[in-house]
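Colleague: I've got a new model open on my screen and I'd like to learn how to read it. Can you walk me through it?

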Amino acid sequence: MAKRIEASNVSSYYGSFKAIDSISMTVEPKTITALIGPSGCGKSTFLRSINRMHEVLPNARIEGRLTIDEQNIYDPDVDVTAVRRLIGMVFQRPNPFPTMSIYENVVAGLKLNGVKKKSLLDDAAEQSLKSANLWNEVKDRLNRPGAGLSGGQQQRLCIARTIAVEPQVVLMDEPCSALDPISTLAIEDLMFKLKDRFTIIIVTHNMQQAARVSDKTGFFSIDKTGDPGRLIEYDDTQKIFSNPTQKKTEDYITGRFG
Ligand SMILES: Nc1ncnc2c1ncn2[C@@H]1O[C@H](COP(=O)(O)OP(=O)(O)OP(=O)(O)O)[C@@H](O)[C@H]1O
């Protein structure tokens with residue numbers, strides 16, 4: 001089941017440096033939300049705050065409230081591993097486990113969760129690779145190394161690995177920035193397909209991509225170096241790209257700034 005995400009006044013810090021200031025937004029289930037904005041305005045920091053990856057760094061912390069279907073994921077009694085299982089993440093560079101086969105990559109998370117039965121693992125591998133639009137390309141070489149695939153295939157393998165554990169939210173941090181245009185379109189097609197099942201948030205520098213794939217867009221910005229990033233405008237993607245309310249948004253999307 002895809003889930004609603006609600007951020008209320010989320011500020012994230014690296015030590016004493018405040019990287020984002022008081023971000024509030026609601027992301028509806030089964031939608032794609034794009035986060036755009038100039039370099040260093042805190043898009044990735046916000047994304048990593050959503051699945052508690054931010055706090056992995058020493059001295060990193062957040063303030064505010066982040067709920068997934070009413071559950072505050074920062075409540076002290078919340079199991080962090082369970083949060084990260086619920087909220088999967090795909091990174092900028094495809095990062096398949098280098099020593100594992102294609103099959104082992106996809107089922108790695110399930111095995112970690114204690115699934116042992118071969119038929120269940122086989123089934124999950126096939127379904128996840130099909131969902132990731134990769135099955136036909138790899139079904140005859142499942143035991144070959146994942147690292148032997150092309151960049152675009154590796155990224156789809158990482159998406160298959162992420163969705164194999166049935167998360168409810170999928171976070172994507174510039175998932176296409178290392179890919180060629182054809183692989184990029186393959187990932188975008190895949191995102192459309194996945195939004196039937198998952199809530200997706202994508203950080204992208206590619207404005208055409210944000211306009212093509214997302215339902216909602218959040219524009220982040222900073223006033224000057226050293227200031228925290230702020231959410232300037234958050235609205236339907238069509239509105240942001242055709243008639244934004246804020247001048248800063250307009251300047252950014254028309255290329256006058258950033
Ligand atoms: N590990 C870290 N330690 C300290 N500061 C960090 C760390 N990671 C990011 N920052 C700082 O936090 C701010 C926000 O960075 P972040 O990577 O979230 O921005 P971004 O909008 O995703 O940038 P980009 O588009 O370039 O990826 C920047 O000032 C950055 O230098």
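Colleague: Let's start with the ligand. Which residues come nearest to the ligand?

Modeller: Keep in mind that this is a predicted model. There are 13 residues around the ligand, and Tyr14, Ala19, Ser39, Ser44 and Thr45 come nearest. When you look at a shell like this, ask which elements supply it. Here E2 and H1 are the elements that give two or more residues, and H1 has the largest share, with 3 residues.

Colleague: How many residues of each class does the shell around the ligand have?

Modeller: Count 5 nonpolar, 7 polar and 1 charged.

Colleague: Now the sheets. In what order do the 4 strands of the open sheet come?

Modeller: For any sheet, go for the order first, then the edges. This one reads E2-E1-E4-E5, with antiparallel pairing. Strand E2 (17-27) and strand E5 (71-72) are the edges, each pairing on one side only. Inside the sheet, strand E1 (residues 5-14) runs antiparallel to strand E4 (residues 60-68), and 8 bridges join them. Try finding one yourself: Tyr14, from the ligand shell, has Ala60 in E4 as its bridge partner. Helix H1 (residues 43-50) packs on this sheet, touching E1, E2 and E4, and its direction makes about 115° with that of E1.

Colleague: And what is the order of the open sheet with 6 strands?

Modeller: Read it as E6-E7-E8-E3-E9-E10, with mixed pairing. The edge strands are strand E6 (87-90) and strand E10 (230-236). From one strand to the next, the twist averages 15°. For a parallel pair, look at strand E3 (residues 32-36) and strand E8 (residues 199-203), which share 4 bridges; Ala34 is partnered with Ile202 in E8.

Colleague: Which strands does H1 lie across, and at what angle to E8?

Modeller: H1 lies across E3, E6, E7, E8 and E9, at about 150° to E8. H6 lies across E6 and E7, at about 170° to E6.

Colleague: Last one: how many residues does the largest nonpolar core have?

Modeller: In general, nonpolar side chains in soluble globular proteins tend to be buried together. In this model the largest nonpolar core has 67 residues, and among those with the most contacts inside it are Leu35, Ala160, Val170 and Ile200. Helix H6 (residues 151-164) gives the largest share, 6 residues. To get a feel for the packing, click on Ile200: beyond its neighbours within four places in sequence, Ile200 is in contact with Ile32, Val170, Met172, Met191, Leu194 and Lys195.

Technical notes. Residues are numbered from 1 along each chain as its sequence is written. This is a predicted model: local features need pLDDT of at least 70, side-chain atom pairs count only at pLDDT 80 or more; totals for chains, interfaces and linings use all residues. A nonpolar core is a set of buried Ala, Val, Leu, Ile, Met, Phe, Trp, Tyr and Cys residues joined through C-beta atoms within 7 Å. A residue is buried if 20 or more other C-beta atoms lie within 10 Å of its own, exposed if 12 or fewer, and partly exposed in between; C-beta atoms are placed from the backbone. Two residues are in contact if their C-beta atoms, placed from the backbone, lie within 7 Å. Two strands pair if DSSP finds at least two bridges between them. Axes are lines fitted to C-alpha atoms, for helices over the stretch in contact, and angles run from 0 to 180 degrees between N-to-C directions. A residue is near a molecule or strand if its C-beta atom, placed from the backbone, lies within 6 Å of it. Ala, Val, Leu, Ile, Met, Phe, Trp, Tyr, Cys and Pro count as nonpolar, Asp, Glu, Lys and Arg as charged, and the others, Gly among them, as polar.
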